[in-house]
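I open these notes for someone who has not looked at this structure before. I want to record what I looked up, starting from a single helix and working outwards.

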Amino acid sequence: MRTITLSNGETVEVKCLSCALTSGLVEPDGGVIGETAHFHAHQDVAYPIKGLVIVASKRHVISLDELTEEERQDYISFLAKIRGAQRAALGIEHVYYFYNEDTTHHFHTWMVPRYPWMERFGRSVESVRPVLLHARTQMNDGKSREEMLSGIQRLTAELKKQIDS
Ligand SMILES: [Zn+2]
């Protein structure tokens, strides 16, 4: 169990943070970026990187091969629409994707945009952890946070267009 503080200041104990978010028990800071029948997208605002998106399944599964055929189709289609929205709304050229199955919460994919400032941490997979740590510890000032929040709004609006079209 982990303890989560809600926006009204109350705390709740949840078994799985992804379940709490996708069910609506916990409203993510910055709001829901978009959702489909089987998936839910939000930003983890602890990492103020504009356009970073976390896509979680609504069902509590751990591994990719546990998704039903319908969920698999929904997943790839949703990822592609979010990717399109990142490009259209925020001009994001490259994205790093990752998920791991040995996590304390359930199936979710990180979509981490690549920006020029990340070059100093190297390229490819080894740069991801230092980039995220840097964002969390060094970029939690007003400016990065504001940019991230306005990015969420633009992304949310653009994704709605992509889903409705
Ligand atoms: Zn869960």
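**Helix α2 and its two sides**

I began with α2, where I found E71, F78, K81, I82, A85, Q86 and A89 buried (a residue is buried if 20 or more other C-beta atoms lie within 10 Å of its own, exposed if 12 or fewer, and partly exposed in between, with C-beta atoms placed from the backbone). These buried residues lie on the same side of α2, because they cover an arc of only 145° around the axis, the arc being that of the directions from the helix axis to the C-beta atoms. When I turned to the other side of α2, I noted E69, Q73, I76 and A80 as exposed.

I should say early that this is a predicted model, in which local features need pLDDT of at least 70 and side-chain atom pairs count only at pLDDT 80 or more, while totals for chains, interfaces and linings use all residues. Residues are numbered from 1 along each chain as its sequence is written.

I then asked what covers the buried residues of α2. The cover includes β3 (32–35), β4 (39–42), β5 (53–57), β6 (95–98), β7 (108–113) and α4 (142–164). Helices (H or I, at least four residues) and strands (E, at least two) are DSSP runs, numbered from the N terminus.

For the length of α2 (residues 69–90), I noted 22 residues and a reach of 31 Å from the first C-alpha to the last, close to the 32 Å expected at 1.5 Å a residue; the expected span is 1.5 Å times one less than the number of residues. After α2 comes G91, whose phi is positive, near 65°.

**Confidence**

I checked pLDDT, the predictor's confidence in each residue, from 0 to 100, and found a chain mean of 93, with 99% of the residues reaching 70 or more. Among the elements of the chain, α2 has the highest mean pLDDT (98) and strand β1 (residues 2–5) the lowest (78).

**The whole chain**

I counted four helices and seven strands, which follow the pattern β-β-α-β-β-β-α-β-β-α-α along the sequence. The radius of gyration is 16 Å, which agrees with the value near 15 Å for a compact globule of 165 residues (taken over C-alpha atoms, with the globule rule being 2.2 Å times the number of residues to the power 0.38). Buried residues make up 29% of the 165 residues.

**One residue of α4**

Last, I looked up E147, which sits in helix α4 and counts as partly exposed, because it has 16 C-beta neighbours inside 10 Å.

Methods
Contact = placed C-beta atoms within 7 Å.
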